[in-house]
Amino acid sequence: MRTDLHRHLTDPLTGVRNLGILAHVDAGKTTITERVLYVTGATYKRGEVHDGTTVTDFDPQERDRGITIFAAAVSCGWDGHRINLIDTPGHVDFSDEVERSLRVLDGAVAVFDAVAGVEPQSESVWRQADRYGVPRIAFVNKLDRAGADLDTAVESIRERLGAVPLVVQLPIGREEGFTGVVDLLRMRSLVWADGRDTFAEGPVPDALREEAHRRRRLLEEMVAELHPGALEEFCAGPAISARTLTGALRDLTLTGEGLVVLCGSAYRDRGIEPLLDAVVDYLPSPLDVPAVRGVHDGAVVERVADPAAPFAALVFKVSSTATGRLTYLRVYSGTVERGDTVLDGGARRAERIGRILRVQADRHTEVDRAVAGDIVAVVGPKAARTGATLCAPSAPLVFEPPAAADPVVSVAVEVRRSTDADRFASALARLAEEDPSLAVRTDAETGQTVLSGMGELHLEVAVEKIRRAHGLDVAVGRPRAAYRETVVRGVSGLLYRHVKQDGGAGQFAHVVLDVAPLDSAPDAGDGAAEFVFRSAVVGGRVPKEYVRAVEAGCRDALADGPLGGHPVTGLLVTLTDGATHPKDSSEMAFRTAGRLALREALRAATMALLEPVAEVTVTVPDDAVGGVLGDLSARRGHVSGSTVRAGTVVITATVPLAELFGYATRLRSRTHGRGTFTSRPAGYAMVPGAVSDGTARR
């Protein structure tokens, strides 16, 4: 049933669902979003990815490439509830867009391909959602495809994600014959006929009655094991009521102990209405999630989702449009109205809210106010960056910003006409502002402008955006991997004395450092940390403020390693001793000493080069496996496994990122266009000596 977006909603907060659509590329996220908009009456024509007519993939590059690149927000209404939905990218190169979206979402729908099950990027976005504690339900899509199987997909969810799938539907028909589902909670059939906008409800088909009862009983048993209330009813009577099951499934979804699984075929309009019902029934409203925490003057401050509380919102996206700069907000507490002055809590700068917009992808509807639980765009803030906290000036605080990944691929970029240099610099600055996962720097050795990002496609999209949006003729160099340097064998007791006397106040700092690999200290904290600093100075020989200055100097030295000027990571530095001068010692002197001492220590230590590696999943016809395996081996790949699936072989391998440049073209050539591959970052690995000799210098 369709509902008008502007009809009377239930309680302003309990009636709101802020959710994202998460999945591997090509699992059907955007198609599901389009069908949701159509079914709810927010649009009156089905958009298609292959036709370039979708609402959320509105950027020209998205329509040209047929993939989602930028997270897009839309709103719609269903059964008296407002659903704010963000369609996120599925390609690994744009995982930072997913990260920023997850930071502001209350719930998510994880979409899985009924043929492929859990794919590499499905696993990555699942882990991202785990980090933010986002409750999820699952939708197994494309049940109409050849080879589709709900049970196999569910088993991959159980095995690869460690989730407890609670399947609430049974498909009616297989592959091309898939026509609908059996609702196991209410024991009814929902069948979608071709050409009809809605389903026909009926009894469970005779051929599926026994299987439906078996699966319903299995669902009851699994829920009873996890939920005390359901267990009590399970033990007391012959069955658990649909009402009790619904309540238990909601509780298990909110705690993450269970994963409600639905199924369908979005392209053929089958399964969308039950999915919307599940969003309303199981995913949280802003009132169901814990109070958000911020910091003010070192103290933790909590803000609950209350329109009457002081205003606080997080900026999760910044976009430049033809009509001005849009700042996307998730409002966590309070109310903001058009014309209000708010505070950028981190920068301590006042910003004015000129307009407030309800977002529908690239279309906007102006509203007078936004309240707790809303996701809106505002016009007016001039300098608020992604991750900034906007709050009431009378109640300042700062929220933790979304985590930002380090770029792994770089290219040199320049404009062909020197007269365009200023416009080019402005375009790069705007690009980096809109996408924090892009980094721009000038190479100290060559003077070239270097653009760094999450992958080849990420950089291609960024450069193309400069060409299209700013009309610049840009030349691009070959992509290069972002190498790191690390300590293999450290040094102890390195003494460095910084003394400078030039007529005025002098500088004096004396430090003694121990430098070791970070993994040599089991209690050093997170093994993924790049740097840990400790002080073992006794007797106050180095005051605390100077210890902090030494740490800052050591961090300065991490930017350029001795092997090739690459950033240094995986380092444990201990300040063991030092000395001061009563007049000439200062924080600046100790910071300088820390920087120069660590540089000298790194030159004395045994260093190694690290390179980014990727986990690659290659799907090829079985007659091309030999050639593909040989090619992976030549690229220094380590094959970790392979599975046979319907005439194709899926190969999983770990390959250095530098060896993957141009791999798509090579794979197509070897498999006559039938091979595909996906990849995701898998950290860093030691570069073999023979390779290291040729890649040490940038």
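Start by selecting Lys29 in this predicted model: Lys29 is buried yet takes part in no salt bridge. Select Asp87 as well, since here you have the nearest side chain of opposite charge, 5.4 Å away. A salt bridge would need the charged atoms within 4 Å. Now show the helix around your selection: Lys29 belongs to helix α1, which covers residues 29-39. What is Lys29 in contact with, leaving aside its neighbours within four places in sequence? Light up Ile21, Leu22, Ala23 and His24, then Asp87, Thr88, Pro89 and Gly90.

Next, go to strand β19, residues 355-360, and pick Arg358. Is Arg358 buried or exposed? Its relative accessibility is 16%, so Arg358 counts as buried, the cut-off being under 20%. Add Asp374 to the view: the two side chains make a polar contact at 3.3 Å. Among the other residues that Arg358 touches, beyond those up to four places away in sequence, are Ser75, Arg82, His364 and Val376.

Now for some rings. Select Trp126 and Arg136 together, and you will find the charged end of Arg136 over the ring of Trp126, 4.3 Å from the ring's centre.

The last stop is an aromatic pair, and the whole structure has seven of these. Choose Tyr546 and Phe590: their rings are stacked, with 4.7 Å from centre to centre and 15 degrees between the planes. Tyr546 sits in helix α12 (residues 544-557) and Phe590 in helix α13 (residues 587-604), so this pair ties together parts that are 44 residues apart in sequence. Switch on the surface to finish: both Tyr546 and Phe590 are buried.

Notes. Residues are numbered from 1 along each chain as its sequence is written. This is a predicted model: local features need pLDDT of at least 70, side-chain atom pairs count only at pLDDT 80 or more; totals for chains, interfaces and linings use all residues. Side-chain values use heavy atoms; hydrogens and water are left out. Helices (H or I, at least four residues) and strands (E, at least two) are DSSP runs, numbered from the N terminus. Buried means under 20% relative accessible area, exposed over 50%, partly exposed in between (1.4 Å probe, protein chains only). Lys and Arg count as positive and Asp and Glu as negative; His and the chain ends are not counted. Contact means heavy atoms within 4.5 Å. Rings of Phe, Tyr and Trp (its six-membered ring) pair if their centres lie within 6.5 Å; planes under 30 degrees apart count as stacked, over 60 as edge-to-face and the rest as tilted. A charge sits over a ring if NZ of Lys or CZ of Arg is within 6 Å of the ring centre and within 35 degrees of the ring normal. A polar contact is a pair of N or O atoms within 3.5 Å; within protein, one must be able to donate a hydrogen and the other to accept it, and residues adjacent in sequence count only if both atoms are side-chain atoms.
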